[in-house]
Amino acid sequence: MDLIGRNLSPFVRRTAVILKLLDLPYEQRGLSTADDTEEIAKINPVVRVPSLVLDDGECLIDSNAIIDHLLEVGDPDHQLLPAAGAERRAVLHLAAIGHGVMEKAVASSYERNRRPKEKVFDEWVSMVDGQVQGGMAALEQAASKGDFLHGDHLTLADVNAVVALDFIAIAVRYLVKETPYPALAALAGRCGELPAFAETAFKPG
Ligand SMILES: N[C@@H](CCC(=O)N[C@@H](CS)C(=O)NCC(=O)O)C(=O)O
């Protein structure tokens, strides 16, 4: 399988973490949407990452659809996402907050870093930043209740939260400077010792 995209993207990295947690072999092609537009367009018509090209050439796009497939083929015991019912809904709820934080943190970074200064609409950026902080506060509350966001072992919710926090610390640091998230930081520290997280950490290069 070929994972398309760089681990700077939280959507790519969370996919890479799941691949590693499930011990699914893959290669990674570190293409960037800014620099490798034409090549990515051949794989994904909306020119976004991640994509996952399966061994038979089938191409999956969007981290949600990719992870759905990876869990189907690689997590028969439903460790990362419970099979059904309230437990599944609870993990999906927290995972969606983490994914939403990623989306808004990426939007905040695009607003600040990709637009000419005179075209930045401050009210909109403040709204986006507030959405990131609202999501992070909810995750912090869940993280402060135990070793994991939900239940007694690592799930998709933890993967998303840790990847979101790490992305924020790299790309939109101004959003965590004044508001530390100690329980999430502790969770990220514990996860950072696992190869799936350590080996996918973004290294600027
Ligand atoms: N919902 C998508 C979001 C993917 C996404 O926004 N990826 C960013 C990279 S961090 C991207 O491709 N940006 C280029 C663009 O949207 O034009 C997912 O979960 O995979």
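The ligand takes up the space of the largest pocket. Here a pocket is an open set of points on a 1 Å grid over the protein atoms alone, with protein on both sides within 12 Å along at least five of seven lines, and a molecule sits in one if more than half of its atoms lie within 2 Å of its grid points. The model is predicted, so local features need pLDDT of at least 70 and side-chain atom pairs pLDDT 80 or more, while totals for chains, interfaces and linings use all residues. Residues are numbered from 1 along each chain as its sequence is written, and side-chain values use heavy atoms, leaving out hydrogens and water.

A good place to start is the shell around the ligand. Among its residues, each with a heavy atom within 4 Å of the ligand, are Ser9, Phe11, Thr33, Arg48 and Asp62. By class, the shell has four nonpolar, four polar and three charged residues. Domain 1 (2–74) and domain 2 (85–198) each supply at least three residues, the bounds coming from an automatic or database assignment. Helix α4 (residues 85–114), a DSSP run of at least four residues, gives the most, with three.

Three side chains make polar contacts, pairs of N or O atoms within 3.5 Å. Ser63 lies 2.6 Å from a ligand oxygen, and His99 reaches a ligand oxygen at 2.8 Å. Tyr110 is 3.0 Å from a ligand nitrogen. Of the 510 Å² that the ligand exposes alone, the protein buries 83%, by the Shrake-Rupley method with a 1.4 Å probe.

The backbone deserves a look too. Most peptide bonds are trans, and most residues other than glycine have a negative phi. The bond from Val49 to Pro50 is cis, with omega near 5°, and Pro50 lies in the loop between α2 (37–43) and β3 (51–53). Asp23, not a glycine, has a positive phi of about 60°.

Conventions: A polar contact is a pair of N or O atoms within 3.5 Å; within protein, one must be able to donate a hydrogen and the other to accept it, and residues adjacent in sequence count only if both atoms are side-chain atoms. On a 1 Å grid over the protein atoms alone, a cavity is a set of points where a 1.4 Å probe fits but cannot get out, and a pocket is an open set with protein on both sides within 12 Å along at least five of seven lines; lining residues have an atom within 4 Å of a point. Helices (H or I, at least four residues) and strands (E, at least two) are DSSP runs, numbered from the N terminus. Ala, Val, Leu, Ile, Met, Phe, Trp, Tyr, Cys and Pro count as nonpolar, Asp, Glu, Lys and Arg as charged, and the others, Gly among them, as polar.
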